[in-house]
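This report goes through a few local features one at a time. Please look over the sequence and the structure before reading on.

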Amino acid sequence: MSQQLPANIPAALFNERADAIADAARELAQHGWTPATSSNFSMRVDADHAAITISGRDKGKLGRADIMLVDMQGKAVGTASRPSAETELHTQVYRRWPDVNAVLHTHSRTQSVASRLFAKDGVIKLEGWELQKAIRGHTTHEDVLDLPVFPNTQHMPELVAQVDAWIDGGKPLHAYLINGHGIYTWGRDMAEARRHLEALEFLLACELDLRRLTS
Ligand SMILES: CSCCC(=O)C(=O)COP(=O)(O)O
Ligand SMILES: [Zn+2]
């Protein structure tokens, strides 16, 4: 289905965002982090719009035609295509942080297992790992980096409310896990969002190894 753009969004801008999303998705799929059509990816286009993956597509085979425009309430703009089922989690991040320009959500095995293992605590406390410094604002391994684990639900407004409550509590947030589901993270650009995702995947794998080796 074709994408009609609002008059104030140049095609070149939308295409650049769509290509960046598709390129990132293909690379993350090669790591095995987007099994069975799971995962979704987006980039801000302007203050009122984001480009996001169309629901149900194989994220390892995305091209420009698999990306569509939504408004910041998560509604499709200029297309009859259906945006990601989890679009509201992306647009929430863009609404809360005007400097965020890319949001990534994946379903790696490590993310999924860690989310189940730590769900009862509601948070994974990352501490003592040098790679924590890959997360924006963290300058030392001595920081405690809280990664919340929210209960899964098919009802997006409930998830949005859980995330809002955490943010309103005043704690920094660069990522969260959803129990049995996967991770959401973001950044000021695609490179920062990718760095956060790769660092957190590594840190979660380390935490799982520690559990295995010390229990
Ligand atoms: C088969 S994965 C279930 C849905 C999901 O969690 C996901 O990340 C993909 O949903 P989308 O609508 O964005 O394709
Ligand atoms: Zn998902």
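## His174

In this predicted model, His174 sits in the loop that runs between helix 4 (156–168) and strand 7 (175–178). His174 has a relative accessibility of 19%, and because buried means under 20% relative accessible area, His174 counts as buried.

The side chain of His174 reaches the backbone oxygen of Arg136 at 3.0 Å. Leaving aside residues up to four places away in sequence, His174 touches Ile135, Arg136, Tyr184, Thr185, Trp186 and His196.

## The zinc ion

The zinc ion (ligand 2) has protein donors from Glu86 (OE, listed twice), His105 (NE2), His107 (NE2) and His181 (NE2), at 2.1 to 2.8 Å from the ion. Along the sequence, the donor residues follow the spacing E-x18-H-x1-H-x73-H.

Two of these donor residues, His107 and His181, link distant parts of the chain, being 74 residues apart. His107 belongs to the loop between strand 4 (102–106) and helix 3 (109–117), while His181 belongs to the loop between strand 7 and strand 8 (182–187). Both His107 and His181 are buried.

## Positive phi angles

Most residues other than glycine have a negative phi. Thr37 is not a glycine, yet has a positive phi of about 70 degrees. Ser39, also not a glycine, has a positive phi of about 90 degrees.

Thr37 is found in the loop between helix 1 (11–30) and strand 1 (40–46), and Ser39 is placed in the loop between helix 1 and strand 1. Thr37 is partly exposed, with a relative accessible area of 37%, whereas Ser39 counts as buried at 3% relative accessibility.

Conventions:
Residues numbered from 1 in each chain as written. Chains lettered and ligands numbered in written order. Predicted model: local features only at pLDDT ≥ 70, side-chain atom pairs only at ≥ 80, totals over all residues. Heavy atoms only, no water. Helix = DSSP H or I, 4+ residues; strand = E, 2+ residues; numbered from the N terminus. Buried < 20%, exposed > 50% of the residue type's maximum accessible area, 1.4 Å probe, protein only. Polar contact = N/O pair within 3.5 Å; in protein donor to acceptor, adjacent residues only side chain to side chain. Contact = heavy atoms within 4.5 Å. Donors = N, O, S within 2.8 Å, 3.2 Å for Na, K, Ca; no water.
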